[in-house]
Amino acid sequence: MSVWNYVVTAQKPTNVTHSCVGNFTSPQELNLIIAKCTRIEIHLLTPQGLQPMLDVPIYGRIATLELFRPHGEAQDFLFIATERYKFCVLQWDAEASELITRAMGDVSDRIGRPTDNGQIGIIDPDCRLIGLHLYDGLFKVIPFDNKGQLKEAFNIRLEELQVLDIKFLYGCSKPTIVVLYQDNKDARHVKTYEVALKDKDFVEGPWSQNNLDNGADLLIPVPPPLCGVIIIGEETIVYCSANAFKAIPIRPSITRAYGRVDADGSRYLLGDHAGLLHLLVITHEKEKVTGLKIELLGETSIASTISYLDNAVVYIGSSYGDSQLIKLNLQPDAKGSYVEVLESYVNLGPIVDFCVVDLERQGQGQVVTCSGAYKDGSLRIVRNGIGINEQASVELQGIKGMWSLRSSTDDPFDTFLVVSFISETRILAMNPEDELEETEIEGFCSQVQTLFCHYAVYNQLVQVTSSCVRLVSSTTREFRTEWNAPSGYSINVATANATQVLLATGGGHLVYLEIGDGVLTEVKHAQLEYEISCLDINPIGENPNYSQLAVVGMWTDISVRIFSLPDLNVITKEHLGGEIIPRSVLLCCFEGISYLLCALGDGHLLNFLLNLNTGELTDRKKVSLGTQPITLRTFSSKNTTHVFAASDRPTVIYSSNKKILYSNVNLKEVSHMCPFNSAAFPDSLAIAKEGELTIGTIDDIQKLHIRSIPLGEHARRICHQEQSRTFAICSLKNQSSAEESETHFIRLLDDQSFEFISTYQLDPFEYGCSILSCSFSDDINVYYCVGTAYVLPEENEPTKGRILVFMVEEGKLQLITEKETKGAVYSLNAFNGKLLAAINQKIQLYKWMLRDDGSRELQSECGHHGHILALYVQTRGDFIVVGDLMKSISLLIYKHEEGAIEERARDYNANWMSAVEILDDDIYLGSENNFNLFTVRKNSEGATDEERGRLEVVGEYHLGEFVNRFRHGSLVMRLPDSDVGQIPTVIFGSVNGVIGVIASLPHEQYIFLEKLQSNLRKVIKGVGGLSHEQWRSFNNEKKTVDAKNFLDGDLIESFLDLSRTRMDEISKAMSVSVEELCKRVEELTRLH
């Protein structure tokens, strides 16, 4: 049963909705604060660029984000209002590096019609009040007292019902607002009002201006000394104040965002709907405005927000493309542009459609999204885990170990790769043609297995075999000296660094040697009570060549011990519990913190914090990486050290924000890995997997990798076809001529190179609405089917569309047949060898017929009326689930005998749907336009027809994201033997660029996590005092109810970021050990 669901974010929102600049974290520091709908990021402006300081979730969709400075304060406060009428004032606490809440509250009214044009939140420049326009005909005021504290809010009636914008004017003795509004004849005007705080009312303001540009929709208040306001229209820009009026014509455009350049407000940056950036200058003589000038600077992403930072550096936040940090140059470049892009920040939003495909055929799903809009449209390939890009490979069976060696101590690159087998050791090196070939190191023993190798001081190499430790010159490759194991004993395990060797012989003997120039000195020998299973002396202290600690893993008592060097005294002993022995131990340092990693023979990994001075181990954590023994090795990538865990589930262990993270490597089993940084392949890894040795470079170390394919047009639908190895997309391109015309295309792309290989242009006014790859009964071919609509300006709903059936022949789209429809084809599904289409309010089934002349056509078989608009359809067997424009979800069934489609059940709630998916035979998932998710259950056991005809709502949840599409699939490799491998998942994509996963959990796991979630709610408090419970409650115009049968995975997984004391608190409340809690939550993070 898929009733119990876990919702988690794989990719956080990327769509930038607001930004502002000020001195927030300290009076001297300049900060850029960015809102991405449900998250806030705080950045610090440094000479090196933007440095992130904080990234936190907000329990609400941000409607207003403004910095302000109350009287007597040295730095700015942040005001946030959310779409569900909560607000808060935040202040930075420099000591704890976190946000503290200065004020919070609820500004909702019991009655009132929410504004059509979105909420407006503004702050008086002299900090006398905060103004909010939330409901038609009302202006809400939150006054400040003289200490800068907020007092009780009140409403003032506003005559103007269709408000387009409201701003506070500068330089007014009483707080004054300027209102841009539209009257009932569609004319636009501007009015000013003074806010009389004592009388709680408006007083007519100093001036007004009637009959503006019909496209006027943005006000820019100008600071002193000039004051007044700029009104931006589609064809004119006007400057207006009590004693001046200036206007200039502009090229027709819709201005989306503005940013003030100078403190005195004489220059503004304007960003329009085509991504063009203009500079608007107010010319003035002293305080008298003499005119306006506008100049085109260049092109950026389509801006949703513009923040001028400093020294001609500007942040462009975008909802339709990647956000950018740009520099405005004094001189234009060759193309005449003054804009230079310094940095781009990935934005996946809006994700209009996506598909899940396994392009590398490794059992690893990748998500290919239709992202962005208009000229910033693109495809994005999103995959989880770290890829290895193969540079070279050789077939080699039975590798038992690998080490890379340099030919001299100061050589920056590795020369040799030592590969060890059961009864021999081979040495590979790069030849002048950059190929790996076999070579000799004469002083090495090559007829036996090597246990360990390392380069050593004085240009030497050390080799450990079962009988001896050999020192060899790295320049002449000749033998220098050796240390032999005592007779009757052989060396079982060994490790070394540049100056030290530690080895174990049978019978629990531990021997410590030091390396000199041509000499090996036995310094110390200790007798332990049990056999030794693994060793490490990786130097992580001050001296890069010498370790003061040795770690030893033991058989029998299953423990790890830490010894001091050179005297081999035990300083710490840690029992691991269980019966599985440690197979690999490693001392390592991440972000300046020392850790001990200990891998067990069953794929579990323990990590401890290590105190280098005392050898003490704390903060034990355990995770499961696979099911086979793990070997640990360090490697470096981009000057940072990481750890590679080789096993049946290879993993890279790294650290971010002082927290250990695990990322899957996209390879099947890996038995050994060693870094191989050669001149030909810098920063590479040598990897031994079944029967071959590969040399490859590694991706950036992060969890999700996003590759971008810019299209320069807006892709709206996507579909993959395995047989032809292609994608097909429906896209539209805006022709930048005078009459903003658009052309729609069906384009075919190669699924490896993502290049356009074929295009079919649709008719004028014809839109591509749906696309599908399918085959039909009695026909071996695979087809692409496209559903279209003719969107004519004079029609409310399309009355005509087409279904086009294409075949890919020699890389070209060939139209096989077309069928005209009486409406828009919103959805297409393969259905029992036939084609099921949703056309306006009807569901229609077509069969694939062979004509006498051998050609094929679609022939209507049966249909079902009774929807308002059938927008989203999913099928399973003979069942059809329909998501309606406004009538929620209904369930239809196809009757084979009658050849008819009938309604079986429906949800009688009014939900305006945005996507549907079938989770299992009885549970269907829907998302709707109030950002909620819900599940309904088919009630086949109902006693009466009435009960059976009702889909019962079983789960409700406020996601806070507008979902455009659900797809079955997974972002991670599914290993059948892991716990997580059994959990079915659905992926969703949203307007804010979020990629999320909904996992259906077994009931007992759900109950456990629900208890954990309610305990976490008590410990983790939302930013600004916002309540998690209220945020996740299902909410639409009619009702607000608590979330049920959905869990917030983001909250649950934030358990791993808590301090140890907080973890202990939760562990007590749950009566489950911290180690067990960490392990169970860590497993959930494997779902994405």
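The following paragraphs describe a buried histidine, two nonpolar cores and one open sheet in a predicted model. Residues are numbered from 1 along each chain as its sequence is written. Local features need pLDDT of at least 70, side-chain atom pairs count only at pLDDT 80 or more, totals for chains, interfaces and linings use all residues, and side-chain values use heavy atoms, with hydrogens and water left out.

His958 lies in strand β81 (residues 952–958); strands are DSSP runs of E with at least two residues, and helices are runs of H or I with at least four, both numbered from the N terminus. His958 counts as buried because its relative accessibility is 2%, where buried means under 20% relative accessible area (1.4 Å probe, protein chains only). Its side chain makes polar contacts with the side chains of Asn932, at 2.8 Å, and Arg84, at 3.4 Å. A polar contact is a pair of N or O atoms within 3.5 Å; within protein, one must be able to donate a hydrogen and the other to accept it, and residues adjacent in sequence count only if both atoms are side-chain atoms.

The largest nonpolar core (buried Ala, Val, Leu, Ile, Met, Phe, Trp, Tyr and Cys residues joined through side-chain atoms within 4.5 Å) has 61 residues. Tyr6, Ile40, Leu78 and Phe1055 have the most contacts inside it. Helix α2 (residues 1003–1019) gives this core its largest share, six residues. Another core, apart from it, has 30 residues, including Ala429 and Ile491.

Four strands form an open antiparallel sheet, ordered β30-β31-β32-β61; strands pair if DSSP finds at least two bridges between them. Five bridges join β30 to β31 (residues 366–371), and Val357 has Gln366 as its bridge partner in β31.

Note on methods. Buried < 20%, exposed > 50% of the residue type's maximum accessible area, 1.4 Å probe, protein only.
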